[in-house]
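Please look over the model shown here before reading on. The explanation below goes through it one part at a time.

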Amino acid sequence: MDPLLFISLLVFVMMLMVGWGAYAFYQSKHKVSEWGARVKGESSKKSQGKSSEKNTSSVRQSFEYLLERLGQVSKPKDQAQVSRIREKLVNAGYRQPKAPILFLGTRIFLAVLFGVGFLIFGTEATKGMSSPYAFPGILVLCMVVGFYGPQLWLSSAISKRKERLVDGFPDALDLMVVCVEAGLGLDQAMNRVGQEIMMGHKELGGEFSLLNLELRAGLSREQALRNLVQRTDLSDIRSLVALLIQTDRFGTSIGQALRVHSDSMRMNRRMKAEEKAAQLAVKLMIPLILFIFPALMVVIAGPGAIRLMNNFADF
């Protein structure tokens with residue numbers, strides 16, 4: 001018997017037994033909770049709802065515990081690396097204390113899962129390959145994809161969140177200008193902006209709400225604003241925070257500084273839009289040359305070319 005096929009069958013049987021054991025365990029817990037609800041006199045629908053919620057929560061807790069254990073195994077000893085991972089997760093919107101450990105555990109879990117999946121389903125696909133290094137090479141490639149897949153997902157999540165924050169930032173800045181010129185202080189204006197912007201841009205409103213919570217907790221305004229920059233990692237917010245810190249330090253007019261900053265940002269956005277519009281004609285050349293022009297040539301010159309071929313075929 002082929003040893004690779006034997007290993008695949010053995011892994012499949014082991015995974016099947018583990019899955020059956022987990023299913024039997026959770027079914028027994030479900031029965032115990034249902035009997036307990038009957039003893040207490042609760043209705044069947046309520047007991048089923050509570051038991052399903054308990055089952056989902058228990059499954060989630062068990063899975064998080066597994067990822068946490070894997071993350072503790074792969075946790076780097078250098079705390080600077082853990083801090084960088086935590087900062088990236090915060091930029092993506094995940095602020096839980098266990099987020100870096102769960103992220104590291106997810107990388108190990110997906111690497112093992114992809115490797116086991118290839119051992120189960122990829123044996124027959126690589127049997128016809130002549131190279132002896134095809135099977136281990138593809139196995140290592142699957143594990144590498146599973147290991148670095150969460151990193152690519154995290155980068156994509158960070159970029160999408162930054163786009164959502166940038167979309168709502170001009171409205172927030174205009175609201176801040178209006179609030180400050182109406183007589184509110186800077187802290188009250190940021191609190192009001194966080195409440196109003198929450199309806200249209202939830203993530204940006206959450207950042208302003210967290211900023212207000214830090215100010216209420218006793219953190220200095222400069223440190224709270226710097227924390228906002230660290231959480232968002234946006235150049236627009238960084239320039240606004242630098243302006244607010246300098247204005248607060250030198251005692252200049254906040255309303256006038258915000259209006260000038262808003263006008264300059266609006267001008268920069270207009271220039272970026274004009275730049276993208278000017279690049280559009282050049283970018284359209286690639287699909288025109290590759291897709292539109294060949295189709296036009298076939299439609300226009302195709303019948304004439306067929307007639308010429310038929311006429312020359314008669315000679």
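What follows starts with the whole chain, then takes up one helix, the charged pairs and a few single residues.

This is a predicted model. The protein chain contains 10 helices and 0 strands. Read from start to end, the pattern is therefore α-α-α-α-α-α-α-α-α-α, where helices and strands are DSSP runs numbered from the N terminus. The chain has 315 residues, and 27% of them count as buried. Its accessible surface is about 21200 Å², and carbon and sulfur atoms make up 65% of that area. Contacts can also be sorted by how far apart the partners lie in the sequence. Among contacts with a separation of 6 or more, 64% join residues 24 or more positions apart.

Helix α5 can be taken next. It covers residues 134–181. How does the distance between its ends compare with the span expected at 1.5 Å a residue? The 48 residues of α5 should span 70 Å, and the C-alpha atoms at its ends are 69 Å apart, which agrees. The helix nevertheless has a kink of about 35° at Tyr-148, shortly before the proline Pro-150. After α5 comes Gly-183, which has a positive phi, near 115°.

The charged residues come next. Side chains of opposite charge can pair when their charged atoms come close. How many salt bridges does a search of the whole structure find? The search finds 18.

One of these salt bridges is formed by the side chains of Lys-98 and Glu-68, with an N to O distance of 3.7 Å. Lys-98 sits in the loop between α3 (79–92) and α4 (99–121), while Glu-68 belongs to helix α2 (residues 44–74), so the pair ties together parts that are 30 residues apart in sequence. Lys-98 has a relative accessibility of 47% and counts as partly exposed. Glu-68 is partly exposed as well, at 23%.

A second pair involves helix α5. Lys-162 forms a salt bridge with Asp-233, and their closest N and O atoms are 3.3 Å apart. Lys-162 lies in helix α5 and Asp-233 in the loop between α8 (221–232) and α9 (235–250), so this bridge ties together parts that are 71 residues apart in sequence. Lys-162 has a relative accessible area of 23% and is partly exposed. Asp-233 is also partly exposed, with 31%.

A third pair consists of Glu-203 and Arg-161, whose side chains meet in a salt bridge of 3.8 Å, N to O. Glu-203 is in helix α7 (residues 202–216) and Arg-161 in helix α5, and the two residues are 42 residues apart, so the bridge links distant parts of the chain. Are the two partners buried or partly exposed? Glu-203 counts as partly exposed, at 28% relative accessibility, whereas Arg-161 is buried, with a relative accessible area of 3%.

This third pair belongs to a network of salt bridges that links Arg-95, Arg-161, Arg-164, Glu-203, Glu-207, Glu-214 and Arg-231. Within this network, Glu-207 can be looked at more closely. It lies in helix α7. Its relative accessible area is 0%, so Glu-207 is buried. Leaving aside neighbours within four places in sequence, Glu-207 is in contact with Arg-95, Arg-161, Leu-165, Leu-228, Arg-231 and Thr-232.

Helix α7 also holds Ser-209. At a relative accessible area of 27%, Ser-209 is partly exposed, whereas Glu-207 is buried. Not counting residues up to four places away in sequence, Ser-209 touches Gly-194 and Met-198. Ser-209 and Met-198 are 11 residues apart along the chain, and their C-alpha atoms are separated by 9.0 Å.

Thr-247 is found in helix α9. With 5% relative accessibility, Thr-247 counts as buried. Beyond residues up to four places away in sequence, Thr-247 touches Thr-252, Ser-253, Ile-254 and Ala-257.

The last topic is cysteine. How many disulfides does a search of the whole structure find? The search finds 0. Cys-142 counts as partly exposed, at 21% relative accessibility. Cys-179 has 11% relative accessibility and counts as buried, because the cut-off for buried is under 20%.

Key: Residues numbered from 1 in each chain as written. Predicted model: local features only at pLDDT ≥ 70, side-chain atom pairs only at ≥ 80, totals over all residues. Heavy atoms only, no water. Salt bridge = Lys/Arg side-chain N within 4 Å of Asp/Glu carboxyl O. Helix = DSSP H or I, 4+ residues; strand = E, 2+ residues; numbered from the N terminus. Buried < 20%, exposed > 50% of the residue type's maximum accessible area, 1.4 Å probe, protein only. Contact = heavy atoms within 4.5 Å. Areas by Shrake-Rupley, 256 points an atom, 1.4 Å probe, with all protein chains shown as cover. Disulfide = S-S within 2.5 Å. Expected span 1.5 Å × (residues − 1). Bend = angle between axes of the 7 residues up to and from the residue.
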